[in-house]
Amino acid sequence: MLVGVIGKPNVGKSTFFSAATLREVAIADFPFTTIKPNVGVAYLRTQCVHQEMGVVDNPRNSSCVNGTRLIPVKLVDVAGLVEGAAQGRGLGNQFLDEIRQADALIHVVDASGSTDAEGRKVPPGSHDPLKDIEMVEREFDLWVLGIIRRDWEKTSKLAEQSAAKITASLAARLTGLAVDEKEIELVMAQLHLKPEKPTEWSDSDLQKFATHLRERSKPSLIAANKADLPSAMENIERLRVTGRRVIPCASEAELLLRRAAERGFLSYTPGDET
Ligand SMILES: Nc1nc2c(ncn2[C@@H]2O[C@H](COP(=O)(O)OP(=O)(O)OP(=O)(O)O)[C@@H](O)[C@H]2O)c(=O)[nH]1
Ligand SMILES: [Mg+2]
């Protein structure tokens, strides 16, 4: 299981990553601190079934600590994304290549609104994090659209003339994104796109296709970070009403707690109620 940690620059992606994996990585209050991706392992907590079933377990890929099963999840923390990245701005779409195989995404946002669209510091509450979410989703979609559009005229004509399935050629070009034929078929049905007439699909159809594919193949949640700052509260509610899955977090505090626990200064297990 691979989870990509993505978002605009300077929102706390690496802090979140470090708090989750305890890996030491570069963290600083300016954009593009991270250039090369950081990879580490975090653990998902779940109740182990061995007690309920009255058996002695012997987990191979995870561990059981006092009845809590710790399931390893690989995280990849990448460079920040800015408007125009799909066309090469900022660090461009190189980072997108690093998360193409991700099974899911954690989209970190600065819920306190204290960084502008490019990740530079601004007074807390003066930037709208919803705009950042929309920008990152748009850039991701444009990148997928770029892959679909490449030689689209030729590919769609060829598929129609030879009765070869457009689904198969789309799956071949999207395989790097961990998208399969079944997902492509489902999205086509959802959008009422005729598989036998791809030359009739409009550009707006292709755009919707890219968005739906992203939503289906890269399920994501919003980590509403910097929730410790007072200006975050109102924004978190605004983000929630958009219907997205929003989890408030304070990665800096979490990282401090985990490091203190690691050094034995206090007892803290991530996910504990208190
Ligand atoms: N108040 C507050 N600050 C935070 C929190 N998490 C991170 N920060 C600060 O935000 C700044 C940016 O943190 P990074 O983790 O480097 O951010 P990033 O998104 O990885 O940045 P880039 O790699 O440059 O894109 C640092 O000064 C962190 O200390 C938080 O929960 N609350
Ligand atoms: Mg970083």
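**Exercise 1. Two residues with positive phi**

Decide whether F32 is buried, partly exposed or exposed, and find where in the chain F32 lies.

*Solution.* Start with the surface: the relative accessible area of F32 is 28%. Buried would need a value under 20% and exposed a value over 50%, so F32 is partly exposed. Keep in mind as you work that this is a predicted model. Next, place the residue: F32 belongs to the loop between α1 and β2. Finally, look at the backbone. Most residues other than glycine have a negative phi. F32 has a phi near 65°, a positive value in a residue that is not glycine.

Now try A178 by the same steps: what is its phi near, and which loop holds it? The phi of A178 is near 60°, again positive in a residue other than glycine. A178 sits in the loop between α6 and α7 (181–190). With 34% relative accessibility, A178 counts as partly exposed.

**Exercise 2. The magnesium site**

Name the protein donors of the magnesium ion (ligand 2), then work out which parts of the chain they tie together.

*Solution.* First, list the donor atoms: they are OG of S14 and OG1 of T34, lying 2.0 to 2.1 Å from the ion. Second, locate the two residues. S14 is in helix α1 (residues 13–21), while T34 is in the loop between α1 and β2 (38–47), so the pair ties together parts that are 20 residues apart in sequence. Third, check the burial of each donor residue. S14 has 8% relative accessibility and counts as buried. T34 is buried too, with a relative accessible area of 11%.

**Exercise 3. The surroundings of V11**

Find which residues V11 touches, leaving aside those up to four places away in sequence.

*Solution.* Begin with position: V11 lies in the loop between β1 (2–6) and α1. Its relative accessibility is 1%, so V11 counts as buried. Now look for contacts beyond the sequence neighbours: V11 touches V108, V109, D110, N225 and K226. One further pair is worth a look in the viewer. V11 and T115 are 104 residues apart in sequence, but their C-alpha atoms are 7.4 Å apart in space.

**Exercise 4. Helix α4 and two partners**

Describe how helix α4 packs on α6 and on α8.

*Solution.* Two packed helices are described by the angle between their axes and the distance between the axes. Take α6 to begin with. Helix α4 (residues 129–149) and helix α6 (residues 166–174) pack at about 125°, with axes 9 Å apart. That makes α4 oblique to α6. Their crossing is right-handed. On the α4 side the contact is made by V144, I147, I148 and R149, and on the α6 side by L170, R173 and L174. Sorted by class, these are 5 nonpolar, no polar and 2 charged residues.

Turn to helix α8 (residues 203–217): the angle with α4 is about 120° and the axes are 8 Å apart. This crossing is right-handed. Among the α4 residues that meet α8 are F140, V144 and L145, and the α8 residues include L206, F209 and L213. This contact has 8 nonpolar, 2 polar and 5 charged residues.

**Exercise 5. Helix α1 against α10**

Is α1 roughly parallel or roughly antiparallel to α10?

*Solution.* The axes of α1 and helix α10 (residues 251–262) come within 8 Å and cross at roughly 30°. Angles under 35 degrees count as roughly parallel, so α1 is roughly parallel to α10. The crossing is left-handed. The contact residues divide into 4 nonpolar, 4 polar and 4 charged.

Technical notes
Residues numbered from 1 in each chain as written. Chains lettered and ligands numbered in written order. Predicted model: local features only at pLDDT ≥ 70, side-chain atom pairs only at ≥ 80, totals over all residues. Heavy atoms only, no water. Axes fitted to C-alpha atoms, helices over the stretch in contact; angles between N-to-C directions. Helix = DSSP H or I, 4+ residues; strand = E, 2+ residues; numbered from the N terminus. Parallel < 35°, antiparallel > 145°, perpendicular 65-115°, else oblique. Left-handed = near helix turned anticlockwise from the far one by under 90°. Contact = heavy atoms within 4.5 Å. Nonpolar A, V, L, I, M, F, W, Y, C, P; charged D, E, K, R; others polar. Buried < 20%, exposed > 50% of the residue type's maximum accessible area, 1.4 Å probe, protein only.
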